[in-house]
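Student: Could you take me through one part of this structure closely? I would like to look at the sheet, the loop inside it and what packs around it.

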Amino acid sequence: MREITAAVLENKRIAENIYALVFLTEEEIPVRCGQFCMIGVRGYPLKRPLAVCKAEGTRITVCYQIRGGGTKTLAESCKAGEKISVLMPLGNGFTLRPEERRIAVVGGGAGVFPLIAALREFQGQKQLFAYMGFKNKDSVCLYYEMQRGEKLVLCTDDGSRGVKGTSVQAFLSDIGAVKPDAVLACGPLPMLRALKSGTKGLDIPVYVSLEERMGCGVGACLVCVCNKKDGTHARVCRDGPVFRLDEIEV
Ligand SMILES: Cc1cc2nc3c(=O)[nH]c(=O)nc-3n(C[C@H](O)[C@H](O)[C@H](O)COP(=O)(O)OP(=O)(O)OC[C@H]3O[C@@H](n4cnc5c(N)ncnc54)[C@H](O)[C@@H]3O)c2cc1C
Ligand code: FES
């Protein structure tokens with residue numbers, strides 16, 4: 001991990017309430033899918049964690065949903081040509097074992113962004129079946145990036161695009177046909193809970209990236225601590241953000 005000053009190439013709206021920020025690093029920094037960066041926002045002492053969505057040489061793309069003051073300021077005030085402070089790469093990222101060949105990728109909302117990095121990294125190496133959920137047709141973005149696998153099921157809560165319902169519902173109704181060896185997932189906590197109960201007892205490892213609130217992003221402040229099933233605790237920034245879903249409390 002290092003702290004760098006990156007040059008913003010663009011910061012543009014790609015869907016309702018969602019922006020893509022593209023920046024250039026001075027030299028290529030190896031990044032694995034599921035790893036994230038802490039992005040400095042003008043006027044905010046704490047950087048904000050965002051998953052790396054695309055890493056193409058020195059060109060890094062993160063995509064973000066406006067949630068509160070930090071992301072709103074980022075969307076409104078960060079312009080091309082500006083320099084931003086970035087800590088990266090952070091976290092463990094998604095790892096698949098060689099015997100895990102058929103992979104279901106289940107994302108909801110802003111959780112699709114680290115999974116796009118996974119689709120890009122594992123394309124051609126694994127058989128990928130993607131189930132991606134959004135609020136409505138206006139919040140769907142990066143459609144072409146989600147199409148990298150054997151199959152894509154696009155879902156919206158209101159049915160205005162794709163299948164009506166959640167990505168977890170779509171995945172669970174397909175699980176018998178797809179027979180995944182493993183699942184990669186990211187999304188809001190209710191989604192992860194539904195995935196956990198839906199895959200209980202099936203003996204399919206579910207690797208989930210947690211999007212906890214963070215302070216430092218490097219293991220020092222303990223803001224991001226989560227509870228593990230064995231009674232211990234883990235720092236999401238340092239020990240994660242990717243965990244096996246059956247090993248953590250969600
Ligand atoms: C490893 C990691 C990767 C992430 N990747 C992405 C990404 O690729 N794209 C993206 O859009 N978001 C991502 N997030 C979430 C993103 O970091 C938060 O949305 C952002 O920090 C909110 O900052 P803010 O100043 O806009 O909101 P704040 O003003 O800090 O908070 C606004 C509201 O949102 C709630 N909130 C803030 N952070 C979170 C959170 N992490 N989870 C749930 N509720 C929260 C607060 O409690 C508050 O109610 C990621 C988080 C982590 C930990
Ligand atoms: S954010 Fe500070 S320890 Fe994880």
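Tutor: Let's begin with a yardstick: a residue is called buried if 20 or more other C-beta atoms lie within 10 Å of its own, exposed if 12 or fewer, and partly exposed in between. Keep in mind that this is a predicted model.

Now find Asn17, which sits in the loop between strand 1 and strand 2. Asn17 has 16 other C-beta atoms within 10 Å, so it counts as partly exposed. Its backbone is worth a look too: phi is positive, about 70°, although Asn17 is not a glycine. Most residues other than glycine have a negative phi.

On either side of that loop, strand 1 (residues 2-15) and strand 2 (residues 18-24) run antiparallel and are joined by 7 bridges. One opposite pair to look for is Ala15 and Ile18, the latter in strand 2.

Next, step back to the sheet. Strands of a sheet pair through backbone hydrogen bonds, either parallel or antiparallel. Here the sheet is open, with 7 strands in the order 4-3-7-1-2-6-5 and antiparallel pairing. Strand 4 (48-51) and strand 5 (54-56) are at the edges; each has a single partner strand, so one side of each has no neighbour in the sheet. From one strand to the next, the twist averages 35°.

Follow the order to strand 7 (residues 83-90) and you will find Pro89 there. The peptide bond from Met88 to Pro89 is cis, with omega near -10°. Most peptide bonds are trans.

Two helices come up against this sheet. Helix 1 (residues 69-77) lies across strand 2, strand 4 and strand 6 (59-65), and runs at about 125° to strand 6. Helix 2 (residues 112-122) packs on the sheet as well, touching strand 4, strand 5 and strand 6, and its direction makes about 35° with that of strand 4.

Some of these elements also help to surround ligand 1. Of the 21 residues around ligand 1, the nearest are Ala51, Gly68, Gly70, Thr71 and Ala110. Strand 4, strand 6 and helix 1 are the elements that give two or more residues to this shell. Sorted by class, the shell has 11 nonpolar, 5 polar and 5 charged residues. It also takes at least three residues from each of domain 1 (2-90) and domain 2 (102-211).

Methods. Residues numbered from 1 in each chain as written. Chains lettered and ligands numbered in written order. Predicted model: local features only at pLDDT ≥ 70, side-chain atom pairs only at ≥ 80, totals over all residues. Pairing = 2+ DSSP bridges. Helix = DSSP H or I, 4+ residues; strand = E, 2+ residues; numbered from the N terminus. Axes fitted to C-alpha atoms, helices over the stretch in contact; angles between N-to-C directions. Contact = placed C-beta atoms within 7 Å. Near = placed C-beta within 6 Å. Nonpolar A, V, L, I, M, F, W, Y, C, P; charged D, E, K, R; others polar. Domains from an automatic or database assignment.
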